[in-house]
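Reader: Could you take me through one part of this model up close? I'd like to hear how the two domains of chain A meet.

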Protein chains: 6
Amino acid sequence: MKQKRIMVIVPITEQSAQAFIPGFEQEIAPVLSADFSVEYVALEAGTTPFIQTRTAELWNSQQILLKAVQAEKAGYDGIFVNCFGEPAVESLKESVSIPVVGGFAPAVMNAMMVAHRFSIITVVESVVPMLGDLARQLDVANHVASIRHANLPVNQLHDTEKLKQSLLEQSSIAIEQQGAQAIILGCTGMLEVHDYLSHALSSKYQRYIPVVGPVGSAIGVLQNLINNQLKPSRLAYGEPTEVMPLYL
Amino acid sequence: MKQKRIMVIVPITEQSAQAFIPGFEQEIAPVLSADFSVEYVALEAGTTPFIQTRTAELWNSQQILLKAVQAEKAGYDGIFVNCFGEPAVESLKESVSIPVVGGFAPAVMNAMMVAHRFSIITVVESVVPMLGDLARQLDVANHVASIRHANLPVNQLHDTEKLKQSLLEQSSIAIEQQGAQAIILGCTGMLEVHDYLSHALSSKYQRYIPVVGPVGSAIGVLQNLINNQLKPSRLAYGEPTEVMPLYL
Amino acid sequence: MKQKRIMVIVPITEQSAQAFIPGFEQEIAPVLSADFSVEYVALEAGTTPFIQTRTAELWNSQQILLKAVQAEKAGYDGIFVNCFGEPAVESLKESVSIPVVGGFAPAVMNAMMVAHRFSIITVVESVVPMLGDLARQLDVANHVASIRHANLPVNQLHDTEKLKQSLLEQSSIAIEQQGAQAIILGCTGMLEVHDYLSHALSSKYQRYIPVVGPVGSAIGVLQNLINNQLKPSRLAYGEPTEVMPLYL
Amino acid sequence: MKQKRIMVIVPITEQSAQAFIPGFEQEIAPVLSADFSVEYVALEAGTTPFIQTRTAELWNSQQILLKAVQAEKAGYDGIFVNCFGEPAVESLKESVSIPVVGGFAPAVMNAMMVAHRFSIITVVESVVPMLGDLARQLDVANHVASIRHANLPVNQLHDTEKLKQSLLEQSSIAIEQQGAQAIILGCTGMLEVHDYLSHALSSKYQRYIPVVGPVGSAIGVLQNLINNQLKPSRLAYGEPTEVMPLYL
Amino acid sequence: MKQKRIMVIVPITEQSAQAFIPGFEQEIAPVLSADFSVEYVALEAGTTPFIQTRTAELWNSQQILLKAVQAEKAGYDGIFVNCFGEPAVESLKESVSIPVVGGFAPAVMNAMMVAHRFSIITVVESVVPMLGDLARQLDVANHVASIRHANLPVNQLHDTEKLKQSLLEQSSIAIEQQGAQAIILGCTGMLEVHDYLSHALSSKYQRYIPVVGPVGSAIGVLQNLINNQLKPSRLAYGEPTEVMPLYL
Amino acid sequence: MKQKRIMVIVPITEQSAQAFIPGFEQEIAPVLSADFSVEYVALEAGTTPFIQTRTAELWNSQQILLKAVQAEKAGYDGIFVNCFGEPAVESLKESVSIPVVGGFAPAVMNAMMVAHRFSIITVVESVVPMLGDLARQLDVANHVASIRHANLPVNQLHDTEKLKQSLLEQSSIAIEQQGAQAIILGCTGMLEVHDYLSHALSSKYQRYIPVVGPVGSAIGVLQNLINNQLKPSRLAYGEPTEVMPLYL
């Protein structure tokens, strides 16, 4: 069986990305098929260390695009832009002819398979309306019971205990007051908390409640697209503009 | 790595099912991971040979449910009800605690990853409003450019040439007049036509246009759910009713 | 004037159905026109005593269908499947050529004539997402302020005092916090409580607030369809599958 | 059994109304229950002879309101504003405490019981966007396949042959090209054509296709509301303003 | 540069209107371009002193229409019907061939330019469902986080302190509990409170939150339409009915 | 009266921008108030000469952002990103505290004031799905009858005769077959054609049909926002990320 290769673009500065990669590997391991392998690339100087605004997405988008084009040329079979906000993903679907996923859509797809309405818990308040934009863009807003936040910026996500407590609190509000039937972790940097939250919610409510992790979902969806030979439609995504910016 | 097992319930009479299984295997092979295996089960006497109405779904639903419960008891890790109309799937999500998929939702999920609007080409006219029901039920109606049919009943799908020609005609109308950016094959029995249609459309319109097959999509989505340990939410699907019908 | 006959299918075991029939008669009396009569039929052994899950709907659906086909052959002019969850109703619309109603759609139609947004109070938690499915299916979800439950299973509905108190509590939350302008009783087995709730709400809020009962609404809508000679469209509901299941 | 009385307000000048009343009576007869009676009232000088614009609705609305208030005082049990465009109906729901219906909503309710998508054929082009307004107002726009017109103004509707031919043409386009599963006659003045169109469509397409008449539907819905004791919610419709305009 | 003239129809009795005009002038001054001027006209006897119901809108609509027709004949370039509920505005768009705006749509347009979801705070409870109607009519309901009221009727709006306090309370609930990102003042008679509320909210929440006033928004949108030579489409609004009511 | 200054960012290379500026000035002149002035800035080397893909938007976005930040520092009162696709506009709403508009939303706002449904005619096919994205993002997709294209790339828009002919053809299809009640020019570079198209359509269909130009609409909306002191909500748009990319 031909071995297939996935490029994971971690769309932040390399230094910042390093801290997350062991966690990503842990999330990916149980989902990765034997005939797939994963490699990582981060961005260079001149980009932001983490993304919590549309502006941060904008700053990093050019380099994401370049990394994607390089990955396609190097023969990778698919690309995962490892960020829940999916920076540059729509442009990448124009710019390469291999499947591309971000973190948001795959998590939503998985949540839709196990529940009708779900809530998303993201990192900080400024990301909430950005995810509302994505939900409308993907036309899945009716499935979203609420978008909440853990009040913990990306650069403090390593405080796993604080994150767990906050996720449990916010998920409980979503379930008890807003009709959530499942919870999506709304940042790909929320690592080592999935199992805790899943057990805590199922225990608290005495029944199984799905917790959807975006990294595992993204790898699963990407393998699925690659195996089914599905790529971005050229009726939805035109050919990319030829351009050679001077400053790159 | 633990080997995981998928039960494919072919929700029609056994005799009728047999003719389709070689084709299913062909669709599934490129999608199936090394750590997954697939087995098939069809229904017994007293069910309908194929499904083109809500009533046919109803006739076969009890046996589908029983087969699913047996599969869970036998230790299968996931169930694929191999029919685009997804008979009994919502009930199965109550009745077992392993992932369950039909043909419709996985195909839609895959189509949404590569296009915003897509058309579904099913077998005959009576199925068209049934798929409209599913689209509203899954809250994805805005993504559906149109639901069309090949005017070829399930028991004539073996006439592959006729099917190919009809699919090309109907897809062309969907693309040219109704804004479809991708095509979903709207019956799991449309076998050995996927590659033809994909090449024919890309050649006709001089650009890549995705053709989504429901069988491969379903296996891919199911593997993804199993690997991510995602099962039906008990807030969306209650526990099944205890019942022992006399006639079963 | 030709006398017209309505068949009320009580889609549960006969024993269980008997307890409800006097209450049904009381609900129907003020709505029944002089030129209409009503008869009742329940299901046989092998079906569930009451319906609170999709699986219970599935178990009882075959017998509902057979009773409907028999009713049409016996010359009835219309069929009311007396359950708010409307089990098998969509299949019946294929299988017979007389008007068919369940409990959900007629109550919603009546509520829409007197308010824009309304809440539904059903029996137990597991029914809540099932009614959400129906609301999307009928494409009336925007009219639904909320779906709540009285936390009282069908087999305890005879505790009328407990039911009244719970309905008042749940309706008050719907009105005060969720924008409900009217209340629908979300189970056809909620008998002898309509007048109480109507008076209690109007008295509590010092203004008229409609309470819509599904049984009276269903009979009213069915008479209306029969009188207007309206039957299920054969463009929305195909012809039923010919099938003779062995076990029936 | 107490006899119940319906007031039909024909919201145009009396002279113009007279020509339609025999036709209304024919439509109403098969729907009217033995315990209901119907009376008619038209408007006085100073109003428009027929309604094909929002402005014509506005000119006649004050008199419609006065007739409704008088009808309530005179003890009528319900009011039908006999116009598909439903002039003043929302105001009447504030101003009287008995059920009020126009022509649009009841026809839509009946169509929704027998089909998911339907087209409306009205008189002239200027009415088309007005009915689009009503569809959004009632939040049923997703059910409307299209709104078309017969290109025949109200004051030429007596040319029954021309009307029949135009209705058949427009309905055929709606069915063949726009996904209509049923047809609503979009003017209460389209009299003596319902049976023709119903037979013509069923014959042409070799299957039953519902044709919904607004007058019969309105009487049916109104009887249903009266029998179920359902009136406009005071949470959706406030109390009317006290006012005594000088010129009335 | 040609001077352009706007007619502001204050759609209530003249006596009642006088008290508001100084406040209107204050709202309009900072928005009015040098090449525009504004004049005011109110209604005559026989109309209601203020509008808080659909019925009050209906009573005043004929005179609003007459004033609009007169304004067009007198050469005005645009009309602002100075009421948030937009009485008769849709009819005016048929009846005159110059731009017409009410208070609701312009405020919504401005709010949509600075936020995705916003709440509207109106005067009293009876107006809340009327504004829900307008939101559906304009198809912007998804943008509306909530419609709340200050519990202060129009004839008590001169109690500015009470109004300020109530607006702050209601806005805070909208922002904290209902996801409002901006606030619309839901009555054109809420004068001299805009700056207070804007400062109070920005101070309370330590960030800028837009408060949209309907009078300034309406004048701004109307100037924009006039300058761009945009008038009501004759495909959306037919020609007005010729009518000469006796009592006018 | 304080003079207010608008910065028009032409988000393409300076060389390419120059050809369009005389046309922009012509569009803006009739809309610009006496107390407003307009200045232009284009982008530097390293950006694309015109924008017809998401990738072109991405390439130019960083410079658009920098120009906007400079404009705010230089004391401008508002910013118009002069492109129908609105590149970087959502990021700019985070990054500056003055009003920002692109070309799409203002044109849609103006169209909504004069019609309910409208079509957009853009330059080439690849832009069509990009505008569909914007329509969903702004939640106005129900207002869009269709998005069509003139099959004329931006760098051929100077062929005014060809453009006129194509716009008339595409508008006619939109009006006759797709229910458009108004037409939006879907590229800010469609200059010197507005009056032609407006006259041609009104003449062809013998009634007034609005043609909405994005440049004039944008200036009108921006003046309105500035005059009403409305800026992006900090609950919808967080504060921008501090970043100093090396390569800028």
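Author: Here's a walk through that domain contact, with a short look at the side of chain B that touches chain A.

First, the ground rules: this is a predicted model, where local features need pLDDT of at least 70, side-chain atom pairs count only at pLDDT 80 or more, and totals for chains, interfaces and linings use all residues. Residues are numbered from 1 along each chain as its sequence is written, while chains are lettered from A and ligands numbered from 1 in the order in which they are written.

In chain A, domain 1 covers 4-102 + 216-227 and domain 2 covers 104-214 (bounds from an automatic or database domain assignment). Their C-alpha centres sit 21 Å apart. Across the join, 19 residues of domain 1 of chain A are in contact with 25 residues of domain 2 of chain A; contact here takes C-beta atoms, placed from the backbone, within 7 Å. On the domain 1 side, helix H2 (21-28) and helix H9 (214-227) of chain A each give two or more residues, and H9(A) has the largest share, with five. Helices are DSSP runs of H or I, at least four residues, numbered from the N terminus. By class, that side splits into seven nonpolar, nine polar and three charged residues. Ala, Val, Leu, Ile, Met, Phe, Trp, Tyr, Cys and Pro count as nonpolar, Asp, Glu, Lys and Arg as charged, and the others, Gly among them, as polar.

Now for chain B against chain A: 40 residues come from each chain. Helix H5 (104-114) and helix H9 (214-227) of chain B each supply at least two residues of chain B's side, and H9(B) brings the largest share, seven residues. That side has 21 nonpolar, 14 polar and five charged residues.
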